[in-house]
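Open the model in your viewer with the sequence panel beside it. The stops below go from the whole chain to single residues.

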Amino acid sequence: MKNSHATAVTLAVSAMLSACSPDKPPVETPRPVLTAEIRYDATREANRYAGTVQSRFEVDHAFRVGGKVAQRKVDVGQVVREGDVLAVLDDSDYRLAEEAARQQWTAAVAQARQAESDRKRLGSLKDDGSVSVADDEKAHSGAQTAQASEGALSRQLELARNRVKYAVLRASRSGVVTAVRFEVGTVVAEGQPVVAIADPGTPEILVDVPEDQLTAFKKAHFKASLANAPDEQFEVALRELSPQAAAQTRTYRARLKPVSARPLPLGATATLVTDRVVSDAQVAAIPATALTQANGDPAVWVVKHAGKEPVGSVDLKPVTVLGYRNDLALVSGVPAGGQVVTAGVQKMAPGLKVALPGAALAEAKLTQVDTTKQAAR
């Protein structure tokens, strides 16, 4: 009796499990993958260069005389206009020199007047024979010498006045102060740069080009971006390329200006991207991570779509690698418009079902429907 009862319970449990089990085997979940579309174009070459933003017009200002700085009128970043005072030297010595030159000139003027008066007086006495010809010539010579001395001392007085003016350093152009290399009390030499002023309205990007890339650089198309906005690229044009390499780095300094006028922060870090057509041969640029091997030859996993849904299966296809460009591989052999797997290629297998990036939403909806059906049961 006990065995018969146990058998009946076992059959009942089996029937219940059979009723709850689905009629079809579980569906294989597609594996999510990252893909890239095959697009053919002419063979191109791209390079990146790090550079800085500088003004095309940046002038170092220096005193035209030496001395001790008495006043500092500007700071870095300050906007100045042409003629504004930047700094002032202690001009006590130059004013003393000016006063001495004025007194010497005053004496020379008096001597020139006296010499001219003597010449005229002796000239009037020459007619009646009271003055010899030699004395008359000596009077003429003395008057000319006195006039020349007066002229020389007049120029010296003018130079002394100029030196007093040079003790005040003024801006030669409008712009923004980019460097100040002195403090009050500093003794500066004549011609020593102390203040730099740049014109912010004429920004340029400066890069150094290696010697082996110079020829390609001249034929390239240029775009640039700033470090604070790497996704905002803008076109620039080559304005100047140094004809001589730097002695230390053996690189050539290039200056590029924006094609369309735009403000750029001076001193900012910039990235220059060069692009040029190397050959008319049609190739596709795909991430190098998409490459794998088939019998020792380069190959890629191509996705075969299942209808219009963003799912499909993968198949291994051989390709020809024509070169590399940074992190991209230049290949041919796959039809244009095809999708190749770019990540996790080592986990792929022929016929494996995969879900493209656009399948995320569809999969979420399918999961929600399955959850609703299970709740209804």
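**Whole chain**

Among contacts (heavy atoms within 4.5 Å) in the protein chain between residues at least 6 apart in sequence, 75% join residues at least 24 apart. This is a predicted model, in which local features need pLDDT of at least 70 and side-chain atom pairs count only at pLDDT 80 or more, while totals for chains, interfaces and linings use all residues. Residues are numbered from 1 along each chain as its sequence is written, and side-chain values use heavy atoms, with hydrogens and water left out.

Colour by secondary structure: the protein chain has five helices and 23 strands. These are DSSP runs numbered from the N terminus, helices being H or I of at least four residues and strands E of at least two. Of the 377 residues, 31% count as buried, that is, under 20% relative accessible area with a 1.4 Å probe, protein chains only. The chain exposes about 23600 Å², of which carbon and sulfur atoms supply 52%; the areas come from the Shrake-Rupley method with a 1.4 Å probe.

**Strand S15 and its partners**

Select residues 251-258, strand S15. Six of its eight residues are buried, so the strand is largely enclosed by the rest of the structure. Two strands pair if DSSP finds at least two bridges between them. Add strand S12 (residues 203-210), which pairs with S15 in the antiparallel sense over six bridges. Then add strand S14 (residues 229-241), antiparallel to S15 and joined to it by five bridges.

Which residue of S15 is the bridge partner of Ile205? It is Leu256, and Leu238 also stands opposite Leu256.

**The largest core**

Keep Ile205 and Leu256 selected, and add Val207, Phe217, Val236 and Leu272: these six have the most contacts inside the largest nonpolar core, which has 21 residues. Such a core is a set of buried Ala, Val, Leu, Ile, Met, Phe, Trp, Tyr and Cys residues joined through side-chain atoms within 4.5 Å. Elements that each supply at least two residues of this core include helix H4 (214-218), strand S13 (221-226) and strand S16 (269-287). Apart from it lies another core, of 20 residues, among them Val80, Val164, Ala171 and Val194.

**A four-stranded sheet**

Go to Val80, whose bridge partner in S9 is Gly175. Strands S6 and S9 (residues 175-180) pair in the antiparallel sense over two bridges. Show the open sheet of four strands, in the order S4-S11-S9-S6, with antiparallel pairing. Its edge strands, S4 (58-62) and S6 (79-80), each pair on one side only.

Technical notes: Buried < 20%, exposed > 50% of the residue type's maximum accessible area, 1.4 Å probe, protein only.
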